[in-house]
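Visitor: I'd like a close look at just one thing here: the empty space in the model and the residues around it. Take your time, and follow the lining wherever it leads.

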Amino acid sequence: MKYPFLDLATINAPFNAEIKDALCRVTDSGRYIGGPEVERLEAAMAELTGARHAIGTSNGLDALRLILRGYMELGRMRPGDEVIVPSNTYIASVLAVSDCGLVPVPVEPRRDTMNLDSRRLEEAIGPRTRAIMAVHLYGRIATNDRMLDLAARHRLLLIEDAAQAIGARDEHGRAAGNIGHAAGFSFYPTKNIGALGDAGAVTTSDPQLAEAIAALRNYGSDYTYHNIYQGLNCRLDPMQAAVVALKLPHTAEVNAYRRRLAEIYNSEISNPLIEKPLFQPDDYCVWHQYVVKTAERDRFRNFLADNGVETLVHYPVPPHLQPCYPQLAGLSLPVAEQLGRQVTSLPITACTSEQDALEISRIINRYSND
Ligand SMILES: *Cc1c(COP(=O)(O)O)cnc(C)c1O
């Protein structure tokens, strides 16, 4: 393909020398679990988000599981309690909820932002609702004043799934990870800041939750051979911590480049068959994906592939239609289902030049009904 969707080796190439140094430093240190590399990344995540605490985790799904488990251990949620999740999210947001014995309640997104529709939230809140999992899908902040108000009024915990949104800010300038009560991040290799394997983090300004999660990720141990919880092993690997820590200072620049490509797509794509994502000047969206919608998605993707443009679909099947959730299969969630049929993600990483984005836009403008 002339315009690949993404190639991780190319994305990591500018960091290669620093990565090799960092990995050698860990090798030579003899410290392979926990320790200063993990602590350094945690301090950097707290600094980047503005949250008081950051706890490194094995991956993004575990970050979300640990937040929910932490609240359960602290008595703020019980098995069977409900957590609102967006109906069009990546399934990991929902898996975290069900894994903890909590009940996911999918709520439809707005078609334009593709994020939770705060107008539909209120009707989904019942006596067992304890939390809202706001997923900053595709790098766009999902929370807003209305949602924050609603959470406060109903005493709900607001959990951010910030896996796709490192460095994103809302219209008030608040960073992903410091808007709700706790947030989960992922450093999966394809995320805006990616490790060389699995890695993640929780951020929160709640010291009790931070302490509970720090113990839960480490067998539930608060100090050596003393276990206050029936915990897990969900620690962040120091090798990955070292890699993520050296990339983290480049977050603003990585995101600015994606924003530049999004601007090009937004100004250059002008095909009535293609619905562009909402482009809002006042929030700082970090464009983890640039997702367009079109009726005949497969025909559109084939046309792009024939013209050398590689695309992906995030995501074709919403969680409630996955075979693992038969209990959700009967729900009527037409917005999520239609998005599943219509969305296409365009290339938007360091592998795509500004010239490429221009050419891809021109190719898209040539797509027609005949
Ligand atoms: C990637 C992702 C996760 C899971 O992160 P992992 O590190 O892959 O476990 C969770 N939620 C969303 C929205 C994601 O994109």
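Guide: Before we start, when I say helix I mean a DSSP run of H or I with at least four residues, numbered from the N terminus. Also keep in mind that this is a predicted model.

Let's begin with the open space. The largest pocket has a volume of about 570 Å³. It is lined by 28 residues, and the ones closest to its centre are Tyr90, Tyr188, Thr190, Lys191 and Tyr315. Which helix gives the largest share of that lining? That would be H4, with 3 residues. Helix H4 covers 60-73, and both H4 and helix H5 (91-99) supply at least two residues of the pocket lining. As for chemistry, the lining splits into 13 nonpolar, 11 polar and 4 charged residues. Both domains take part: domain 1 (8-249) and domain 2 (251-365) each put at least three residues into the pocket lining.

Now for the enclosed spaces. Counting those of 30 Å³ or more, there are 4 cavities. The largest cavity holds about 70 Å³ of space. You've already met one of its lining residues, because Tyr315 is among the residues closest to the pocket's centre and it is also listed in the lining of the largest cavity. Others in that lining include Asn88, Thr89, Tyr138, His314, Val317, Pro318 and Pro319. Helix H12 (residues 334-342) gives the largest share of the lining, 3 residues. By class, the residues around the largest cavity come to 8 nonpolar, 4 polar and no charged. As with the pocket, at least three lining residues are drawn from each of domain 1 (8-249) and domain 2 (251-365).

Follow Tyr138 from here. It lines the largest cavity, and it also turns up in the lining of the second largest cavity, where there is about 60 Å³ of space. Tyr138 has company there, including Thr113, Met114, Leu137, Arg140, Pro277, Cys285, Trp287 and Val291. That lining divides into 7 nonpolar, 2 polar and 1 charged. So where does the second largest cavity lie? Domain 1 and domain 2 both give residues to its lining, so it lies between them.

Trp287 makes a handy bridge to the aromatic side of the story. Besides lining the second largest cavity, Trp287 forms one aromatic cluster with Tyr265, Phe279 and Tyr290. The model has 6 aromatic pairs in total. One of them is Tyr265 with Tyr290: the ring centres are 5.0 Å apart and the planes meet at 40 degrees, so the pair is tilted. Tyr265 belongs to helix H10 (residues 251-268) and Tyr290 to strand E10 (residues 290-293), so this contact ties together parts that are 25 residues apart in sequence. Tyr265 is buried, with a relative accessible area of 0%, and Tyr290 is buried too, also at 0%.

For an edge-to-face pair, look at Phe300 and Tyr367, which sit 5.0 Å centre to centre with 65 degrees between the planes. This pair links distant parts of the chain: Phe300 is in helix H11 (residues 297-306), Tyr367 is in the segment after helix H13 (354-366), and the two are 67 residues apart. Are Phe300 and Tyr367 buried or exposed? Both are buried.

There is a charge to note as well. The charged end of Arg259 sits over the ring of Tyr284, 3.9 Å from the ring centre.

Let me finish with two loop residues, as a look at how sequence separation and distance play out. Asn307 is in the loop between H11 and H12, and at 26% relative accessibility it counts as partly exposed. Its C-alpha atom is 8.9 Å from that of Tyr3, although the two residues are 304 apart along the chain. Gly35 is in the loop between helix H2 (16-29) and helix H3 (36-49), and with 7% relative accessibility it counts as buried. The C-alpha atoms of Gly35 and Leu6 are separated by 33 Å, with their positions 29 residues apart along the chain.

Note on methods:
Residues numbered from 1 in each chain as written. Predicted model: local features only at pLDDT ≥ 70, side-chain atom pairs only at ≥ 80, totals over all residues. Heavy atoms only, no water. Phe/Tyr/Trp six-rings, centres within 6.5 Å; stacked < 30°, edge-to-face > 60°. Buried < 20%, exposed > 50% of the residue type's maximum accessible area, 1.4 Å probe, protein only. Lys NZ or Arg CZ within 6 Å of the ring centre and 35° of its normal. 1 Å grid on protein atoms, 1.4 Å probe; cavity = no way out; pocket = protein on both sides within 12 Å on 5 of 7 lines; lining within 4 Å. Points joined across faces, edges and corners; volume = space filled by probe spheres on them. Nonpolar A, V, L, I, M, F, W, Y, C, P; charged D, E, K, R; others polar. Domains from an automatic or database assignment.
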